[in-house]
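Let's take a walk through a protein model together. Keep the picture in view as you read, and turn it whenever a new part is named.

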Amino acid sequence: MNLGCMMAYSILGPFFPHEAEKKGASNTMIGMIFGCYALFELLASLVFGKYLVYIGAKFMLIAGMFVSGGVIILFGVLDQLPKGPIFIVMCFLVRIVDAIGFGAVITASSSILAKAFPNNVATVLGSLEVFSGLGLVLGPPLGGFLYQSFGYEVPFILLGCIVLLMVPLNLYLLPSYESDPGEHLFWKLVTLPKVGLIAFVIISLSSCFGFLDPILSLFVLEKFNLPAGYVGLVFLGLALSYAISSPLFGLLSDKKPHLRKWFLVFGNLITAGCYVLLGPVPILHIKSQLWLLVLVLVVNGVSAGMSIIPTFPEILSCAYENGFEEGISTLGLVSGLVSAMWSVGAFMGPLLGGFLYEKIGFQWAAAIQGLWTLISGLVMGLFYLWEYSTTTRRSKPQNIVGTEEEQAALLPNEI
């Protein structure tokens, strides 16, 4: 499901902007058609996370897949519409409904997996990221090939059918989890300081991925004069290293939970360093070279996996520590929050990237984007240090009281 949905999300890149231009859509409008997906996935994730218990996780997943598969096929027939406002409005509508369907799928699937594998949450979600990464990698070349060979309709119809075929399979395979509505509210979860900071980390990392979407290909074409077909291979370094490293960090997060905080902090700091070297930033006086760019993207893929995978189990354990009941209702809130924060970054990254690229160029724009992850990494590190110092301070007085009580109990016997 992740593979199909991520391919459907990324398949538009190679050919849709050109088709939309022919139908009278401006570059701004095309950018908004791409951007509205993340915005509505954000809203859908928040709503579905809150009402997951009432709707039912299995029903939400199946319904989301059915809607998503249907509208992907519908996107394939939009080229039959007349050029102008009708085409643009229908593009927005189909893309928005697809985002709502995908928001339901992601929120429900994370909850079901966390409920089914409570002791291996990070491992399972890390394994899923392999297919998310592959979907992002395979989507553009497959879309371009099918479009060149068979025309506009075939890529969407094929992918839509693949997603729809998953509906009966999941209907048969997935367990149904019944749960009572939780008494804790979504806002109580968000206002926990640790959860708020991890949410900021997720937004900063997601925006880093989104930042590269509109402008990295422009920079590579302009700087290194590569043929258009090779630009996709530059993205391959980032997506593949992320897909390969995610399960490893998931496994380590589950086996050694104390490492999660280190992964979160150092993953952010390494990502910040990568974005400074991506251009590289002019003050370093390092010449832009293609091998360096690809190497930095590969390292960025690993550091992103290091930071992103521990976020879900960290928020979940924080929720349980603060009195949230263990069950599908809390899992719904957590998966809705993680999905929503990811969507915020995916919406803000391309907007910020496009704006900064026009104003100050790629090198400085990338460095400013890196500053965001540097701040989130440092703030998270300071929070963990503060948390450690307060817990050690609390545990010391308890030990002293314990020894005094023991002495008091023993003294009368000695006398």
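We will look at one helix, then at the cores, and then at a cavity. Please keep in mind that this is a predicted model.

Start with helix H5, which covers residues 85-116. How far apart are its end C-alpha atoms? With 32 residues at 1.5 Å a residue, H5 should span 46 Å, and its end C-alpha atoms are indeed 46 Å apart, so the two values agree. Now look at what surrounds this helix. Of its 32 residues, 23 are buried, which means that H5 is largely enclosed by the rest of the structure.

Next come the cores. In soluble globular proteins, nonpolar side chains tend to be buried together. Here, the largest nonpolar core has 55 residues, and those touching the most other members are Leu189, Phe312, Ile315 and Met341. Helix H14 (residues 328-360) contributes nine residues to this core, the most of any. Try zooming in on Ile315: beyond its neighbours within four places in sequence, Ile315 is in contact with Leu189, Val195, Ile198, Ile202, Val334, Leu337 and Val338. A second core, separate from that one, holds 24 residues, including Ala8, Leu12, Ile96 and Val163.

Finally, where is empty space left inside? Rolling a probe the size of a water molecule over the atoms shows this. One cavity of 30 Å³ or more is counted, and the largest cavity holds about 70 Å³ of space. Its lining consists of Ala8, Leu12, Val71, Ile72, Phe75, Val94, Arg95, Asp98 and Phe156. By class, seven of these lining residues are nonpolar, two are charged and none is polar. Helix H4 (57-75) and our starting helix, H5, each provide at least two residues of that lining.

Definitions and conventions
Residues are numbered from 1 along each chain as its sequence is written. This is a predicted model: local features need pLDDT of at least 70, side-chain atom pairs count only at pLDDT 80 or more; totals for chains, interfaces and linings use all residues. Side-chain values use heavy atoms; hydrogens and water are left out. Helices (H or I, at least four residues) and strands (E, at least two) are DSSP runs, numbered from the N terminus. The expected span of a helix is 1.5 Å times one less than its number of residues. Buried means under 20% relative accessible area, exposed over 50%, partly exposed in between (1.4 Å probe, protein chains only). A nonpolar core is a set of buried Ala, Val, Leu, Ile, Met, Phe, Trp, Tyr and Cys residues joined through side-chain atoms within 4.5 Å. Contact means heavy atoms within 4.5 Å. On a 1 Å grid over the protein atoms alone, a cavity is a set of points where a 1.4 Å probe fits but cannot get out, and a pocket is an open set with protein on both sides within 12 Å along at least five of seven lines; lining residues have an atom within 4 Å of a point. Grid points are joined across faces, edges and corners, and a volume is the space filled by probe spheres set on the points. Ala, Val, Leu, Ile, Met, Phe, Trp, Tyr, Cys and Pro count as nonpolar, Asp, Glu, Lys and Arg as charged, and the others, Gly among them, as polar.
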